[in-house]
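Here are my notes on the model you sent, set out point by point. Please read them with the coordinates open.

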Amino acid sequence: MEVVIVPDARAGGELIAEAMASLVCRKPGALLGVATGSTPLPVYEALSAKVRSGAVDMSRARIYQLDEYVGLPAGHPESYRSTVLREVVEPLGLTEDSFFGPDGTAEDVQAACEAYDRALAEAGGVDLQLLGIGTDGHIGFNEPCSSLASRTRIKTLTEQTRVDNARFFDNDIEQVPHHVITQGIGTILEARHLVLLATGEAKADAVAHSVEGPVSAFVPASALQLHPHATVVVDEAAASKLKLAEYFRATYAAKPAWQGL
Ligand SMILES: N[C@@H]1[C@@H](O)[C@H](O)[C@@H](COP(=O)(O)O)O[C@@H]1O
């Protein structure tokens, strides 16, 4: 696992956007797995700036969703489908044809989960999966004690995650769905490159437990330790509880720039 400590969220966004752009230059039809939440926004802003300036042509890239609320009506502004369309797909100049996600409105939700898991594999697998992290260490919506081998499935949100996400629902926790679909931890681990971005002090404990703690279903992001190509990008605040921060800084400083993430 590589840990990169950046000065701020903007620098993290720029670094990851650069990695995504260089992937798409090498492999124009790359599958990019995207996350929602506030943290990845600087990545999408930096990447769409590259598209607008002509530095990268994303027209053949495909965008895959990580998770989704169950039961929000199609077109609900806070469904993750609407969110990714608004924050990623449209700013990158892509259309819905190149955007795929699990169907949170399906009558048979379990079948929709299995269909999405299959679709990911049939499309060749995700090349780069961007992840955020919950304050409890969740990735996607894999809450603590999710199986490290789990596949795309229905999960029930913890009270903490519903409280954290109420800000997207007029600060009204009653509006936050209880159930979600999420790529499982086993599914996420199949992506060829995992890039987790965490910014702000509220994520410092979750980052320290994930990077330096034992691999444990209780801290779902600790599963990144099992992946051969996992990159954790953190700002100074999110890195503040890492015991090996100096080592991570020195290692990254000594890395040749051409290597990328
Ligand atoms: N399902 C999403 C996660 O993918 C995201 O990482 C997390 C943190 O969001 P934020 O970056 O806004 O803190 O929120 C939600 O739970």
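The points below take up the sheets, the ligand shell, the annotated positions and two backbone details.

1. This is a predicted model, and the remarks that follow should be read with that in mind. Seven strands make up an open sheet whose order is β1-β10-β9-β6-β2-β3-β5, and the pairing in this sheet is parallel. Its edges are taken by β1 (2–6) and β5 (99–100), each of which has a single partner strand, so that one side of each is left without a neighbour in the sheet.

2. At the β5 edge, the contact with the rest of the sheet can be followed in detail: strand β3, residues 62–65, is joined to β5 by two bridges, and the two strands run parallel. Within this pair, Tyr64 is placed opposite Phe100 of β5.

3. Helix α1, which covers residues 9–26, lies across β1, β2 (31–34), β6, β9 (193–198) and β10 (230–235), and its direction makes an angle of about 155° with β10.

4. A further open sheet consists of three strands in the order β4-β8-β7, and here the pairing is antiparallel. The edge positions belong to β4 (67–69) and β7, each with a single partner strand, so one side of each is left without a neighbour in the sheet. From one strand to the next, the twist averages 30°. Helix α4, residues 109–122, packs on this sheet, where it touches β7 and β8, and its direction makes about 120° with that of β7.

5. Three bridges connect β4 with strand β8 (residues 179–182) in the antiparallel sense, and in this pair Asp67 stands opposite Thr182 of β8. Asp67 is also one of the positions that UniProt lists under "active site", in an unreviewed entry, together with Asp136, His138 and Glu143.

6. Which residues come nearest to the ligand? Of the 13 residues around the ligand, these are Ala35, Gly37, Ser38, Thr39 and Gly132. Sorted by class, the shell has four nonpolar residues, eight polar residues and one charged residue.

7. Two of the positions listed by UniProt deserve a closer reading, beginning with Asp136. Asp136 lies in the loop between β6 (128–131) and β7 (153–156), and it counts as partly exposed because 18 C-beta neighbours are found inside 10 Å. When residues up to four places away in sequence are not counted, Asp136 touches Pro144, Thr158, Gln160 and Ala206.

8. Is His138 buried or exposed? His138 is likewise found in the loop between β6 and β7, but it counts as buried, because it has 27 C-beta neighbours inside 10 Å. Once its neighbours within four places in sequence are left aside, His138 is in contact with Glu143, Pro144, Thr161 and Pro220; Glu143 is itself among the positions that the unreviewed UniProt entry lists for "active site".

9. Finally, two backbone angles should be checked by eye. Most residues other than glycine have a negative phi. Cys145, which is not a glycine, has a positive phi near 80°; Cys145 is placed in the loop between β6 and β7 and is exposed, since 11 other C-beta atoms lie within 10 Å. Asn171, also not a glycine, has a positive phi of about 55°; Asn171 belongs to the loop between α5 (159–165) and β8, and is exposed with 9 other C-beta atoms within 10 Å.

Technical notes: Residues are numbered from 1 along each chain as its sequence is written. This is a predicted model: local features need pLDDT of at least 70, side-chain atom pairs count only at pLDDT 80 or more; totals for chains, interfaces and linings use all residues. A residue is near a molecule or strand if its C-beta atom, placed from the backbone, lies within 6 Å of it. Ala, Val, Leu, Ile, Met, Phe, Trp, Tyr, Cys and Pro count as nonpolar, Asp, Glu, Lys and Arg as charged, and the others, Gly among them, as polar. UniProt positions are given in the numbering used here, feature names are shortened, and annotations may be inferred rather than shown by experiment. Helices (H or I, at least four residues) and strands (E, at least two) are DSSP runs, numbered from the N terminus. A residue is buried if 20 or more other C-beta atoms lie within 10 Å of its own, exposed if 12 or fewer, and partly exposed in between; C-beta atoms are placed from the backbone. Two residues are in contact if their C-beta atoms, placed from the backbone, lie within 7 Å. Two strands pair if DSSP finds at least two bridges between them. Axes are lines fitted to C-alpha atoms, for helices over the stretch in contact, and angles run from 0 to 180 degrees between N-to-C directions.
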